[in-house]
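Here are a few exercises to help you find your way around a new structure. Have a go at each one before you read its solution.

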Amino acid sequence: MSGDGAVQNPHGEEVVPAGAQPLDVIAVRQGAFGVSGSGDTSGFGGLVSTITMPAAATRPYGSWFDAAADELDLALSERGIPMSSAVEKVVVHRGELTFHVRREHLVPFVTTLRDEPALRFEFCSSVSGVHYPVDTDRELHSVYHFLSITHRRRVRVEVSAPDADPHIPSIVAVYPTANWHERETWDFFGIVFDGHPSLTRIQMPDDWPGHPQRKDYPLGGIPVEYKGATIPPPDERRSYR
Amino acid sequence: MADNVTYEDDSAAAENVDYEDDVAFESAEDVGPDPYADSYDTQGGRVFTVSGQDWDTIQAPPEGTNENIVVNMGPQHPSAHGVLRLILELDGETVRQCRPAIGYLHTGIEKNLEFRSWVQGTTFVTRMDYVAPLFNEAAYCLAVEKLLGITDDIPERATIIRVILMEFNRISSHLVALATGGLELGALTAMIFGFREREAVLDIFEMITGLRMNHAYIRPGGVAQDLPDGAEQKILETVALLRKRFPDTTNMLVDNVIWMGRTVGVGYLDLAGCMALGTTGPTLRATGLPHDLRRLEPYCGYETYDFDIPTRDTCDAYGRFLIRLDEMQESLRIVEQAVSRLRPGPVMVADKKIAWPAQLALGGDGLGNSLDHIRHIMGESMEALIHHFKLVTEGFRVPAGQAYVAIESPKGELGCHAVSDGGTRPYRVHFRDPSFVNLQAVPAMAEGGMLSDLIASLASIDPVMGGVDR
């Protein structure tokens, strides 16, 4: 179903050639029907499929993406940061451009996005966290969406941090609007935004333990008993995935 | 002795007093019989608690004392526009500091989405910004459709119905903004008029979607149900009715001296402030920038409609009010154009692996399952039954990836960031709700102004707490 020319196997998953860049593995599934937690009588239980996010794009990216990437390359070099060290990979998927940026270069990177006249992403739309427990050492992602009203463009910047060291620099100094967004991402995912003026919980109560939108956050659930059986919480129920 | 004596409380309606001077106060033991009103020492000084009706027990500070009062406004307050808590430091009636505290309506919608199928997601997202539910549904569905790669396959008729509903919803949301904003500023007739007009719009929603709010009508792939018979006629009648009634509000408020006194020059936020704080919607357009996502990056065919983007350059609450009035007129224009384009056709994508298998049908006992469809799956085709069962219980799979779709909701940029892991459920859905972001601008608008102007500023950005807290 992908329109990006990636090779797919009959299950719709993308097949990656050997030697390609490492991908964000986000799930490993068994069987053919997506059912887990029940006896498999179909014989398809041995099938293992690895779900990955869209692969890194190669030039040309298409649309305005190439010109913008060139400008970015130039502007970053002027600031003494080679593009190759700041950007892990560039993904073009569904007509959207994503820069995966190494966290130590995030602040100069977004400053360049904002200030460079040819880029001029003057508006930070959104910051949201995503938790990929299977993506080892890159479990926590912080995803930024920028809008250039000048050039009518959007770009996504994705930064990852390992669970063991959940620190990402704050961009509040560059985009003050990120203040509440980063507080929310801290609240729900436990990503610590270094340099944030007051990184406190925003949605959950101040004394709440844990970060509820992480995938490993226990859901709890009310044990409804009927003739000795109980209903487990939604994440432990048998379900199609 | 330089004790800062703070009177603190934990009930919503009472106030904290912070006297920064050498003052000897009555001891807390005299405060009264209230078991919750005791005192304790903190690093900042001795804290006394008052819980109402016991202010007389506190001795007035001497002349010349800095007498800042910390007021805890909300989370239950009639003019706080919802369950919003504002922590205000007041010097007389001047707001020195303002800190909005949110989260009182947090219901974990984004987390809930991860345990339901993609189609069921609309039922959740419609409850976020409950004053503009159809925009939530549209943003979510456009994001899911982008991930599925079926954006261009959505039937024309479904897109037009979406546009009609969204524009009507823009009107009803702006009417609520005017009505509750008027209520908060004491213009009760504006409230009566606003809700009266909104009722006409909600009747349209009820006729088309079956519900006045929480519709779950826009679905991935199209809409849940075709327009009922006579809908076009009713829509045009309502457009005419609203055209006739809008001048009531306009005539009453636009040149009204009291209304202008409360809103002109109040809640100032210029373009630089809006850009830095991420503020969008009428607040941004009141700075003179014609920024509207329907024009900037059109979706749902908005590039083919003829409409204007009202702007003002006053940067104040009055400008935002005028923009809302103008936008309602523009929405009526769009609705008329959309209705004239309606042609018979499907309202759900043709791909049977995504489209909901059946529409509801009107039977003798009301709207319910389509008897033809039931006959088909129960009596004629085993395969159709299997297909129905799989699609309804398991749902469709969405290819792995992520998409961000932003649409122009009545409050500003409503963004939906949807992430799929290739499964039958969303892996993560995040809503960039405009109210959430715009609320950050309240301190910038209110600090240094009067307390009564804070209310006008807050009303002028029209936050809906269901969207802020999600």
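Two strands pair if DSSP finds at least two bridges between them. Keep in mind that this is a predicted model.

**Exercise 1. Find the bridge partner of Gln402(B) in S13(B), then place the two strands in their sheet.**

Step one: go to S13(B) and look for the residue bridged to Gln402(B); you should land on Val419(B).

Step two: look at the whole pairing. S12(B) and strand S13 (residues 412–420) of chain B run antiparallel and share 9 bridges.

Step three: add the rest of the sheet. It's an open one of 3 strands in the order S12-S13-S14 (chain B), paired antiparallel. On the edges sit strand S12 (401–409) and strand S14 (428–432) of chain B, each pairing on one side only. Ignoring direction, neighbouring strands here are turned by 15 degrees against each other on average.

Step four: check what lies across the sheet. H3(B) lies across S12 and S13 of chain B, at about 150 degrees to S12(B).

**Exercise 2. Work out how H3(B) and H4(B) are oriented to each other.**

Step one: get the geometry. The axes of helix H3 (residues 133–148) and helix H4 (residues 156–184) of chain B come within 8 Å and cross at roughly 140 degrees.

Step two: compare with the cut-off. Roughly antiparallel needs an angle over 145, so H3(B) and H4(B) count as oblique to each other. Their crossing is left-handed.

Step three: list who meets whom. From H3(B) come Leu134(B), Phe135(B) and Ala138(B), and they meet Arg162(B), Leu165(B), Met166(B) and Asn169(B) of H4(B). Sorted by class, the residues of this contact are 5 nonpolar, 1 polar and 1 charged.

**Exercise 3. Do the same for H5(B) and H6(B): are they roughly parallel or roughly antiparallel?**

Step one: helix H5 (residues 188–209) and helix H6 (residues 231–253) of chain B have axes that come within 10 Å and cross at roughly 170 degrees.

Step two: that angle makes H5(B) roughly antiparallel to H6(B).

Step three: look at the contact residues. On the H5(B) side they include Phe193(B), Glu197(B) and Ile204(B), while Leu241(B), Arg245(B) and Met252(B) are among those in H6(B). The classes split into 12 nonpolar, 4 polar and 4 charged.

**Exercise 4. Describe the side of chain A that touches chain B.**

Step one: count the residues. Chain A puts 41 residues into the contact and chain B puts in 39.

Step two: see which elements they come from. Strands S1 (25–30), S2 (48–52), S5 (123–131), S6 (140–148) and S7 (153–161), plus helix H4 (178–189), all of chain A, each supply at least two residues. S5(A) gives the most, with 6 residues.

Step three: sort this side of chain A by class, and you get 18 nonpolar, 14 polar and 9 charged residues.

**Exercise 5. Sketch a profile of each chain.**

Step one: start with chain A, which has 4 helices and 11 strands. Of its 241 residues, 35% count as buried. Take its contacts with a separation of 6 or more: 53% of them involve residues 24 or more positions apart.

Step two: move on to chain B, with 17 helices and 14 strands. Buried residues make up 48% of its 470 residues. Among chain B contacts between residues at least 6 apart in sequence, 67% join residues at least 24 apart.

Terms used:
Residues numbered from 1 in each chain as written. Chains lettered and ligands numbered in written order. Predicted model: local features only at pLDDT ≥ 70, side-chain atom pairs only at ≥ 80, totals over all residues. Contact = placed C-beta atoms within 7 Å. Nonpolar A, V, L, I, M, F, W, Y, C, P; charged D, E, K, R; others polar. Axes fitted to C-alpha atoms, helices over the stretch in contact; angles between N-to-C directions. Parallel < 35°, antiparallel > 145°, perpendicular 65-115°, else oblique. Left-handed = near helix turned anticlockwise from the far one by under 90°. Buried ≥ 20, exposed ≤ 12 C-beta atoms within 10 Å, placed from the backbone.
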